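Labels in a structure rest on cut-offs. Let us take some labels one by one and ask what stands behind each.

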Amino acid sequence: MEDQLSHLLQRFSLSAGVFHVGQICGIHHFEQDATHGHVHLIRRGPAQLIEASGISTTIEEPTLIFMPRPDVHRLITDERQGADVVCANILFGLGGCNPITTSLPSVVQIKLVELPGAEALLSLVDEEAFTPQSGRQAALDRLCEVLMIRLLRHCLAHGLTQRGALAGLADPKLCKALHAMHSQPARSWLLSDLAAEAGMSRARFAARFREVTGQTPADYLAAWRVLVAQDLLRGGRALKNVALDVGYGSVSAFSRVFARHVGHTPTVWQRQGKTT
């Protein structure tokens, strides 16, 4: 499971930006963010999380909250006693829609006692946060990234996923087929090939894959190829080479699939990226 999560994180690299460590008092507003996820680590409460929908959650115990696709929300604490909180922005790849964030519920809430190794990490966070040393911000960011990997492991191990790539990786059979697609996007995969990777019949594999991930194997593979292609195009690789890298024999065939998923041809998409 760890190896497959690593493979996904190699494509959608994880980076954290810690922007607050310490006490907060009163009401704190957070805006909608289409690019970053938000972490609110409540070290000492109580604190109240108010979501855009109006759902209110009171956190009494040390708790890690991750909002992979954050909408407008608020943290409310006592005006005098406050709460001890670590807040950070989380980025996977270049942000936005990706297989990691779309596989998680809108709010992931885990008590720290349920997250192995969290207290040891937080001791290091405290040491870095309140000791003026060189490299302080970089150290805080890296520690938060390790904490996020622990959170993703926990989500996989305890079924805290909602369809998508992470849900598939949590399935002991489907994960083998997903790993094969992730590592060899250019291969001309047949349903029978993927079913063999999973050790299942074609019919059972196709039904199980759709039930768990929400997509057919063919649709998932096409979407994965487009995501890989976007990453390669951002890196400056030539369009004709990218088409071959993700399994298409011609630029025109690749462009049709790309436009179906993204809404624009690769050329238009690249041009828009350079002007935004």
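Q: Where is Pro-46 found?
A: Pro-46 sits in the loop between strand 3 and strand 4 (47-50). Strands here are DSSP runs of E with at least two residues, and helices are runs of H or I with at least four, numbered from the N terminus. A cis peptide bond joins Gly-45 to Pro-46, with omega at about 0°.

Q: What kind of model is this, and which values count?
A: The model is predicted: local features need pLDDT of at least 70, side-chain atom pairs count only at pLDDT 80 or more, and totals for chains, interfaces and linings use all residues. Residues are numbered from 1 along each chain as its sequence is written, and side-chain values use heavy atoms, with hydrogens and water left out.

Q: Why is the contact of Arg-142 and Glu-145 called a salt bridge?
A: A salt bridge needs a side-chain nitrogen of Lys or Arg within 4 Å of a carboxyl oxygen of Asp or Glu. For Arg-142 and Glu-145, the N to O distance is 2.9 Å. That is within 4 Å, so the name fits. Both residues lie in helix 3 (residues 136-157), 3 residues apart, about one turn of the helix.

Q: Is Glu-145 buried or exposed, and how do you know?
A: Buried means under 20% relative accessible area, exposed means over 50%, and partly exposed lies in between (1.4 Å probe, protein chains only). Glu-145 has 12%, so Glu-145 is buried. Its partner Arg-142 has 41%, so Arg-142 is partly exposed.

Q: What makes Arg-208 and Glu-211 a salt bridge?
A: Their closest N and O atoms are 3.6 Å apart. The limit is met, so the pair counts. Both lie in helix 7 (residues 202-213), 3 residues apart. Asp-171 joins them in a network of salt bridges.

Q: Why do Arg-208 and Glu-211 get separate exposure labels?
A: Arg-208 has 32% relative accessibility, so Arg-208 is partly exposed. Glu-211 has 52%, which is over the upper cut-off, so Glu-211 is exposed.

Q: What makes Arg-237 and Asp-245 a salt bridge?
A: Their closest N and O atoms are 2.3 Å apart, so the pair passes the test. Arg-237, at 36%, is partly exposed. So is Asp-245, at 27%. The structure holds 7 salt bridges.

Q: How do you know that there is a cavity?
A: Rolling a probe the size of a water molecule over the atoms shows where empty space is left. On a 1 Å grid over the protein atoms alone, a cavity is a set of points where a 1.4 Å probe fits but cannot get out. The structure holds 1 cavity of 30 Å³ or more. The largest cavity has about 60 Å³ of space. That volume is the space filled by probe spheres set on the points, which are joined across faces, edges and corners.

Q: What makes a residue part of the lining of the largest cavity?
A: A lining residue has an atom within 4 Å of a point. Among those that qualify are Val-18, Leu-122 and Cys-144. Helix 3 gives the most, with 4 residues.

Q: How many residues of the lining are nonpolar?
A: The lining divides into 10 nonpolar, no polar and no charged residues. Ala, Val, Leu, Ile, Met, Phe, Trp, Tyr, Cys and Pro count as nonpolar. Asp, Glu, Lys and Arg count as charged, and the others, Gly among them, as polar.

Conventions. On a 1 Å grid over the protein atoms alone, a cavity is a set of points where a 1.4 Å probe fits but cannot get out, and a pocket is an open set with protein on both sides within 12 Å along at least five of seven lines; lining residues have an atom within 4 Å of a point.
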